[in-house]
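Biologist: Could you put the model up and talk me through the parts that you would look at yourself?

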Amino acid sequence: MAKTLFIFNTLLLIFLILCPFSPTSISAEDDDHFVRPIDRKLLGLKKEKLSHFRFYWHDVVSGRQPTSVPVVQPPGNSSTAFGMLNIHDNPLTLGPKMSSKLVGKAQGFYISASQSEIGLLMGQNFAFLEGKYNGSTLTVLGRNPVFNKVREMPVVGGSGLFRFARGYVEAKTQWFSSKSKDAIVEYNVYVLHY
């Protein structure tokens, strides 16, 4: 029994000394193992390229089948709708007509975040449904002062074929109904991706 206990303790000591995670092997240099460079080819990434996409974003808040719905209404005394929150699942089409070919969906939110003008905070994924980008997404998060002729917002990432994506979008209103609040916005997306 004593011999078995001695062998066990000796093996345990050897294990603790040799184990890379043992307390005796931790040093300041081990912090370098938290992050390390890797070759992009290990992730299947090839040469980075710049692509331009153009499509139309249809925000339908009226009718029986809206694509954008209010979740939080603004207080009654706000001239800028400050505090309003809408969630959307808007069609992205090749042309400005809703009947144009559907290439994806814009899924996200917009919040009226300015007390001095109609300025939105927008967060949305462009989920592509067409061609080689089917199933891939681009993520946009930024400020949208809607009455500016052209608004720029950053592309902050993506998934699928858009992993490591970065770039920007330019949004330009093509049509807006002051009565229904429906809108059609042209998006030009400039994105660096692999």
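**Charged pairs, strands and core**

Modeller: I would start at Glu117, which is partly exposed with a relative accessible area of 31%, where buried means under 20%, exposed over 50% and partly exposed in between, for a 1.4 Å probe and protein chains only. Please keep in mind that this is a predicted model, in which local features need pLDDT of at least 70 and side-chain atom pairs count only at pLDDT 80 or more, while totals for chains, interfaces and linings use all residues. Residues are numbered from 1 along each chain as its sequence is written, and side-chain values use heavy atoms, with hydrogens and water left out.

Biologist: Okay, and which residue forms a salt bridge with Glu117?

Modeller: That is Arg143, with the closest N and O atoms 2.3 Å apart, a salt bridge being a side-chain nitrogen of Lys or Arg within 4 Å of a carboxyl oxygen of Asp or Glu. The pair links distant parts of the chain, as Arg143 is in strand S6 and Glu117 in the loop between S4 and S5, 26 residues apart. Helices (H or I, at least four residues) and strands (E, at least two) are DSSP runs, numbered from the N terminus.

Biologist: How many salt bridges does the count come to?

Modeller: The count comes to four. Among them is the one between Asp89 and Lys105, whose closest N and O atoms are 3.5 Å apart; Asp89 lies in strand S3 (residues 85-93) and Lys105 in strand S4, so this pair ties together parts that are 16 residues apart in sequence. Another joins the side chains of Lys101 and Glu130 at 3.1 Å, N to O. Lys101 lies in the loop between S3 and S4 and Glu130 in the loop between S5 and S6, so here the tied parts are 29 residues apart in sequence.

Biologist: Switching to the fold, what pattern does the protein follow along the sequence?

Modeller: The pattern reads α-β-β-β-β-β-β-β-β-β, with one helix and nine strands. Strands S5 (residues 119-128) and S6 (residues 137-145) run antiparallel and are joined by nine bridges, given that two strands pair if DSSP finds at least two bridges between them. S6 also pairs with strand S7 (residues 151-159) in the antiparallel sense, over four bridges, and S6 and S7 form a hairpin with five residues between them.

Biologist: And the core, which residues touch the most other members?

Modeller: In the largest nonpolar core, which has 25 residues, those are Phe55, Trp57, Phe126, Leu138, Tyr187 and Val189. Each of S1, strand S4 (102-112), S5, S6, S7, strand S8 (166-176) and strand S9 (183-193) supplies at least two residues of this core. Such a core is a set of buried Ala, Val, Leu, Ile, Met, Phe, Trp, Tyr and Cys residues joined through side-chain atoms within 4.5 Å.

Biologist: Anything odd in the loops, say, what is the phi of Phe164?

Modeller: Phe164 has a positive phi of about 70° although it is not a glycine, and it lies in the loop between S7 and S8. Lys181 likewise has a positive phi of about 70° without being a glycine, in the loop between S8 and S9, and counts as partly exposed at 47% relative accessibility.
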